[in-house]
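Subject: Structure handover

Hello,

Here is the structure for you to look over. My notes on what turned up in it follow below.

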Amino acid sequence: MISMKDVYKKYPNGVVAANGINVDIKQGEFVYVVGPSGAGKSTFIKMMYSEEKPTSGDVIINNKNIAKMKKGQIPQLRRELGVVFQDFKLLPKLSVFENVAFALEVIEEHPKIIKKRVMEVLDLVGLKHKMRMLPSELSGGEQQRVSIARSIVNVPKIVIADEPTGNLDPENSWEIMKIFEEINTRGTTVVMATHNREIVNTIRKRVIAIESGMIARDIDGGDYGYEG
Amino acid sequence: MEVTTVMKGRTIRRHFRESFKSLGRNAWMTFASVSAVTVTLLLVGVFAIIMMNLNNTATSVEDDVEIKVLIEIIDDEQQAKAAENQLIKEVKNISGVAEVKYSTKDDELNILIDTLGDEFKLYEQSNPLRSALYVKASDPTQILAISDKIKKLDNVHNVVDGKDTYENLFSFLETGRNIGIVLILGLLFTVIFLISNTIRITIIARKDEIEIMKLVGATNSFVRIPFLLEGMWIGILGSIIPMAIVSTAYYNLHKVLAPELKGQLLQLLDVSPLIWQVNTLIILLGIFIGLWGSFMSVRKFLRV
């Protein structure tokens with residue numbers, strides 16, 4: 001479902017962020033991406049939703065080689081993915097409901113379907129009762145739940161999360177992880193870049209460690225493996 | 001597979017709503033841009049009206065340009081008749097001559113009396129004037145060459161070709177037109193730059209929104225259209241006042257001046273269709289600079 005073959009990425013400033021990456025992630029897997037800062041985790045993640053293109057090599061998502069994808073095809077790719085960020089990226093002037101609905105509105109979904117789907121995902125993340133509130137009225141954990149709701153509202157096959165617990169306290173982090181596990185048990189692939197050693201070591205999943213742009217470890221049920 | 005771009009009704013409504021919201025959100029920038037468009041289009045309108053009227057005058061002058069050939073006086077009537085006929089034949093044979101009109105010295109005197117007054121009836125007793133030929137060229141720019149050829153013919157006393165007057169008029173018109181075009185082009189670029197700046201500010205203000213749109217798979221055109229519309233509204237808003245001013249001003253000017261100018265060289269064009277032509281020019285130019293201005297910013301700041 002996600003497959004990288006000999007992926008090499010060099011930025012214009014000379015930094016090599018991916019140096020021969022080969023990896024296969026099957027549909028329905030849950031994968032942690034770990035590694036020191038600046039090792040290439042973000043680039044690895046960004047190449048999956050075509051925010052960055054590899055300098056050479058193939059990145060295959062849902063049977064399409066997105067390394068060779070035309071610009072006009074990127075929107076379709078992104079409709080089949082969900083992306084969650086450390087800083088939530090919610091729109092401050094829109095309510096919880098509107099923030100989630102936004103993702104379907106801009107892909108011109110029918111209003112009736114939008115309402116139905118938004119209510120479903122808000123129910124899943126436990127925020128149905130706060131749907132009229134603004135993001136500023138919510139806690140960090142709740143805001144991240146809204147952003148997860150937005151990422152899955154289009155029923156993606158893959159959810160990509162870049163440090164989703166990075167801004168949260170431990171309690172909220174566990175809440176978020178529960179939601180990701182729930183999403184995963186429904187058959188969605190989850191790829192999560194994280195620095196949270198406790199989570200990785202407790203909720204055991206496949207761990208891919210990236211160092212200097214290369215895969216240093218790839219172990220099912222592995223541990224975090226770094227100090228601090 | 002690319003995302004289909006068939007636009008739905010509610011999408012169009014959404015684009016319109018978003019573009020209007022942006023206009024309001026940057027009220028001051030919008031105001032500045034609309035004002036600049038207004039001033040520019042007003043100048044364009046006034047200039048267009050002046051140029052179209054002058055061009056019309058020039059064309060009618062150009063059509064009227066003719067050579068007047070004064071014929072030598074020959075006392076013997078029969079000889080004179082023969083010489084005149086010979087001359088008419090020779091002039092007609094010159095290439096580029098479209099029309100030759102013969103006017104006897106009595107005709108000439110009548111013209112004089114008509115234009116200058118009855119006092120000249122005194123000369124009816126002994127007419128000192130010469131008979132003349134009025135020559136029109138098929139191409140007015142050939143006037144000079146033709147009059148040179150006529151001068152060389154026999155029995156030609158003098159040739160009046162009015163060349164100086166009409167050449168002066170044309171060079172004056174051309175200078176005026178060039179200065180106007182340079183001025184307006186300069187203004188147009190300033191305005192396009194202003195609009196593109198306004199749109200840039202809108203784009204920056206909505207950076208986060210655009211980022212999320214792209215992330216969840218909104219198409220490029222979906223992201224861009226509201227900004228292009230916003231530029232277009234600025235152009236349209238900026239063309240309203242110029243259209244109103246130019247229309248009422250020309251309507252009133254025409255009402256006052258047209259009767260005064262009867263029989264003069266300078267003639268004002270009729271209010272309709274001139275006003276419709278100029279208004280169309282103003283609004284199309286408004287839309288064009290609005291779209292172009294926003295397109296410049298959109299292309300620069302809305303890359304995937």
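The lining of the largest cavity divides into four nonpolar, three polar and two charged residues. (Ala, Val, Leu, Ile, Met, Phe, Trp, Tyr, Cys and Pro count as nonpolar; Asp, Glu, Lys and Arg as charged; the others, Gly among them, as polar.) A cavity here is a set of points on a 1 Å grid over the protein atoms alone where a 1.4 Å probe fits but cannot get out, and lining residues have an atom within 4 Å of a point. The lining residues are A:R78, A:L81, A:G82, A:V83, A:R150, A:S151, A:N154, B:L215 and B:V216. Two elements of chain A, β6 (81–85) and α5 (140–152), give two or more residues each. β6(A) gives the most, with three. (Helices are DSSP runs of H or I of at least four residues, strands are runs of E of at least two, and both are numbered from the N terminus.) The space inside is about 80 Å³. Volume means the space filled by probe spheres set on the points, with grid points joined across faces, edges and corners.

The model is predicted: local features need pLDDT of at least 70, side-chain atom pairs count only at pLDDT 80 or more, and totals for chains, interfaces and linings use all residues. Residues are numbered from 1 along each chain as its sequence is written, chains are lettered from A and ligands numbered from 1 in the order in which they are written, and side-chain values use heavy atoms, with hydrogens and water left out.

The search of the whole structure finds two cavities of 30 Å³ or more. The second largest holds about 40 Å³. B:R206, B:E209, B:I210, B:M213, B:F222, B:V223, B:P226 and B:F227 line that cavity. α7 and α8 of chain B each supply at least two of these residues. α8(B) gives the most, with four. By class, this lining has six nonpolar, no polar and two charged residues.

Now the largest pocket. A pocket is an open set of points with protein on both sides within 12 Å along at least five of seven lines. The volume of the largest one is about 680 Å³. Its lining has 24 residues, and A:L94, A:F102, B:R14, B:E18 and B:E209 lie nearest the centre. Two or more residues come from each of α3 (96–105) and α4 (111–124) of chain A, and α1 (9–25) and α7 (207–215) of chain B. α1(B) gives the most, with seven residues. The lining counts 15 charged, eight nonpolar and one polar.

Next, helix packing. α8 (residues 220–260) and α9 (residues 271–301) of chain B pack at about 155 degrees, with axes 7 Å apart. (Axes are lines fitted to C-alpha atoms, for helices over the stretch in contact; angles run from 0 to 180 degrees between N-to-C directions.) That makes α8(B) roughly antiparallel to α9(B), a label for angles over 145 degrees. Their contact has 19 nonpolar, nine polar and two charged residues.

Last, salt bridges. There are 23 over all chains, each a side-chain nitrogen of Lys or Arg within 4 Å of a carboxyl oxygen of Asp or Glu. One pairs A:E29 with A:R206, the closest N and O atoms being 3.0 Å apart. The two are 177 residues apart: A:E29 is in the loop between β2 (16–25) and β3 (30–34), A:R206 in strand β9 (residues 206–211), all of chain A.

Best wishes

Conventions:
Parallel < 35°, antiparallel > 145°, perpendicular 65-115°, else oblique.
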